[in-house]
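Subject: A structure for you to look at

Dear colleague,

I am handing over the structure we spoke about, and I would be glad if you opened it before reading further. My notes on what was found in it follow below.

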Amino acid sequence: MADVRPRKISRKATGADAVFENGARAVGASVLLITGGVGVFLAWQAYPTLERYGWSFFTESQWQPDQDVIGIAAVLVGTFSVAMVAMAFAVPLSILMALYISEYAPARFRSSLVALIDLMAAVPSIVYGLWGFFLIMPYAAELALWLQRYLGWIPIFDVANTDPNAAVWDTTRYVASAFCAGIAVAMMVMPMACAVMRQVFSQTPAGEKEAALALGATRWGMVTSVVLPFGRGGIIGGTMLGLGRALGETIAVVLIVSPAFEIKPRILEVGTTTVSSLIAGRFGEASSSQLSALLAAGFVLFVITLLVNTVAAIVVNRSRSGAGTDA
């Protein structure tokens, strides 16, 4: 009688599965190696500057290498000012667009709308910068005047030594600011945030939406009671991923903002500087010591962006938004 034995079951991938598994592992490892290599390179180049200036590199606002005075306090404030303005415009628009595409748009138009949103993300930064400089900035100046006139009692919306109720107002006092640059950056951030939110909203279980409608809820009631709570993690994750993008935008800020190395909590005033625009503007004429200082600023921005994106990934992974839809 033949010896009958149970077949050994192995979880080890074979054939095409093994090729895919090893390929995916190699790609993931290469991404980690590249990101780690960038971080190590920036840290190595930044070390002489951090050793030379110490904590004053983070507290000094002036950037005058010829006088041996270098600091990124004003630069960091400008970076976050532009990013916060961008997120104030981008987040509401991203949520509304994602909700429209996933819940309101006719099915035959959804793929076209998704393609248009993805196309916006592919537009070069310089195009958005030119668009913001020539088209948006004049209208942004009028909006800035309106904000100062009615919300000037809030410190961030005040513009020093100006009268918003004057018969003839000075346009040059309201352009080339963090506010104007933030509007242009918002258009670059919006596609990324919208894509994440739309993907999460589309995963809302159909059974829960149908249950809300069966209980008498309107479509908007269903959205507020089912879709938005389900997609809370996606909203937070998309917002933080967009923030990581906004912190590093360069060309649009260089074209629009008038450089100024001073801490400006008022976002409507002319002049500010971001880390990325500082590096882009000073890199070509920098000496070896100045180049080390610029790379030190870049290392700080790298760490901040990495932390923001890491927190966003954690929020998305821990949220309920990853659940699949009901059959």
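Which residues make the nonpolar surface patch of about 610 Å²? Please bear in mind, as you look for them, that this is a predicted model. The patch is made by Ile-126, Val-127, Leu-130, Phe-133, Phe-134, Ile-251 and Leu-255. Helix 5, which covers residues 125-151, and helix 10, which covers 251-256, each supply at least two residues of this patch, and helix 5 gives the most, with 5 residues. One of the patch residues, Val-127, lies in helix 5 and is partly exposed, since its relative accessible area is 41%.

For the overall picture, the protein has 12 helices and 2 strands; from the N terminus on, the elements begin with two helices, continue with the two strands, and then run on as helices to the end. The C-alpha atoms fill a box of roughly 100 × 55 × 30 Å, taken along the principal axes, and of the 327 residues, 40% count as buried.

Turning to charged side chains, the structure holds 6 salt bridges. In one of them the side chains of Arg-52 and Asp-68 meet, with an N to O distance of 2.3 Å. Because Arg-52 lies in helix 1 (residues 15-53) and Asp-68 in the loop between strand 1 and strand 2, this pair ties together parts that are 16 residues apart in sequence. Another salt bridge brings together the side chains of Glu-103 and Lys-209 (3.4 Å, N to O). Here Glu-103 lies in helix 3 and Lys-209 in helix 7 (residues 206-214), so the parts tied together are 106 residues apart in sequence; both Glu-103 and Lys-209 are buried. A further salt bridge is formed by Arg-245 with Glu-249, whose closest N and O atoms are 2.3 Å apart. In this pair Arg-245 is partly exposed, with a relative accessible area of 24%, whereas Glu-249 is buried, with a relative accessible area of 6%. Salt bridges that share partners also join Asp-158, Arg-266 and Glu-269 into one network.

Finally, a search of the whole structure finds 1 cavity of 30 Å³ or more, and its volume is about 40 Å³. Among the residues that line this cavity are Val-77, Ser-81, Arg-266 and Glu-269. Helix 3 (residues 73-104) gives the most to the lining, with 3 residues, and the lining residues divide into 3 nonpolar, 4 polar and 3 charged.

With best wishes

Technical notes
Residues are numbered from 1 along each chain as its sequence is written. This is a predicted model: local features need pLDDT of at least 70, side-chain atom pairs count only at pLDDT 80 or more; totals for chains, interfaces and linings use all residues. Side-chain values use heavy atoms; hydrogens and water are left out. Patches are made of residues with over 30% relative accessible area and no salt bridge: like charges are joined within 9 Å, nonpolar side chains (Val, Leu, Ile, Met, Phe, Trp, Tyr) within 5 Å. Accessible areas come from the Shrake-Rupley method with a 1.4 Å probe; for residues, only the protein chains shown count as cover. A salt bridge is a side-chain nitrogen of Lys or Arg within 4 Å of a carboxyl oxygen of Asp or Glu. Helices (H or I, at least four residues) and strands (E, at least two) are DSSP runs, numbered from the N terminus. Buried means under 20% relative accessible area, exposed over 50%, partly exposed in between (1.4 Å probe, protein chains only). On a 1 Å grid over the protein atoms alone, a cavity is a set of points where a 1.4 Å probe fits but cannot get out, and a pocket is an open set with protein on both sides within 12 Å along at least five of seven lines; lining residues have an atom within 4 Å of a point. Grid points are joined across faces, edges and corners, and a volume is the space filled by probe spheres set on the points. Ala, Val, Leu, Ile, Met, Phe, Trp, Tyr, Cys and Pro count as nonpolar, Asp, Glu, Lys and Arg as charged, and the others, Gly among them, as polar.
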